[in-house]
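Work through these three exercises with the structure at hand. Each task is followed by a stepwise solution.

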Amino acid sequence: MSVSPPGRYFEEGQYARAVQKYKRVLIFFEYFFGESAYEEKVMDDLRLVALMNSAACHLKLNSLDEALEMCLQGRRMDPSNVKIHYRLAVIHRLKDDYDKSRIAINKALSLDPTNRRLLRERMLLREKVKAYRATTKAIGDKMFE
């Protein structure tokens with residue numbers, strides 16, 4: 001089985017090139033209309049994969065707003081997709097939006113409670129929140145000295 005060009009670019013670390021290819025794929029899906037319910041389902045599934053892979057590329061490029069948009073589109077298509085909620089948790093953590101990150105990781109864990117990657121992300125989030133609280137407390141203590 002060969003890897004698609006955007007997938008190959010991703011594997012080679014050429015994330016910007018992969019994003020451009022996924023953008024073209026997603027544009028194609030905007031203009032495709034299946035002739036049957038089956039074709040529509042197959043195309044929706046492929047569109048979801050392209051959205052998630054594009055989000056992964058944007059994450060690698062630290063283009064968090066673009067990654068977030070891809071994930072939000074994907075969540076509208078499939079609200080019970082674990083990978084979407086995982087990526088949303090990562091994006092929100094990187095954007096220091098800890099409440100949204102916690103909600104996303106908890107949703108992902110409710111769908112797949114033993115997933116090690118999800119458990120690791122929850123641990124990273126907890127550590128980041130703990131460090132944030134310690135820093136905030138230290139700043140507050142200095143202000144009131």
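Helices here are DSSP runs of H or I with at least four residues, numbered from the N terminus. The model is predicted.

**Exercise 1.** Find which helices each supply at least two residues of the lining of the second largest pocket, and which gives the most.

*Solution.*
1. Start with the pocket: its volume is about 190 Å³.
2. List the lining: Tyr98, Asp99, Arg102, Ile105, Asn106, Arg122, Leu125, Arg126, Val129, Tyr132 and Arg133.
3. Assign to helices: H6 (98–111) and H7 (116–143) each supply at least two residues.
4. Rank them: H7 gives the most, with six residues.

**Exercise 2.** Determine how many disulfides the structure holds, and explain the result for Cys57 and Cys71.

*Solution.*
1. A disulfide is a covalent bond between the sulfur atoms of two cysteines.
2. The cut-off between the sulfur atoms is 2.5 Å.
3. The count is zero. Cys57 is in no disulfide, and its nearest cysteine sulfur belongs to Cys71, 12 Å away.
4. Seen from Cys71, the closest cysteine sulfur is that of Cys57, and 12 Å is too far for a bond.
5. Check burial, which means under 20% relative accessible area. Cys57 is at 0%, so Cys57 counts as buried. Cys71 is also at 0%, so Cys71 counts as buried.

**Exercise 3.** Classify Leu46 as buried, partly exposed or exposed, and place Leu46 in its helix and surface patch.

*Solution.*
1. Leu46 lies in helix H3, residues 37–60.
2. The relative accessible area of Leu46 is 43%, so Leu46 is partly exposed.
3. Together with Tyr38 and Val42, Leu46 makes a nonpolar surface patch of about 300 Å².

Conventions
Residues are numbered from 1 along each chain as its sequence is written. This is a predicted model: local features need pLDDT of at least 70, side-chain atom pairs count only at pLDDT 80 or more; totals for chains, interfaces and linings use all residues. Side-chain values use heavy atoms; hydrogens and water are left out. Patches are made of residues with over 30% relative accessible area and no salt bridge: like charges are joined within 9 Å, nonpolar side chains (Val, Leu, Ile, Met, Phe, Trp, Tyr) within 5 Å. Accessible areas come from the Shrake-Rupley method with a 1.4 Å probe; for residues, only the protein chains shown count as cover. A salt bridge is a side-chain nitrogen of Lys or Arg within 4 Å of a carboxyl oxygen of Asp or Glu. Buried means under 20% relative accessible area, exposed over 50%, partly exposed in between (1.4 Å probe, protein chains only). On a 1 Å grid over the protein atoms alone, a cavity is a set of points where a 1.4 Å probe fits but cannot get out, and a pocket is an open set with protein on both sides within 12 Å along at least five of seven lines; lining residues have an atom within 4 Å of a point. Grid points are joined across faces, edges and corners, and a volume is the space filled by probe spheres set on the points.
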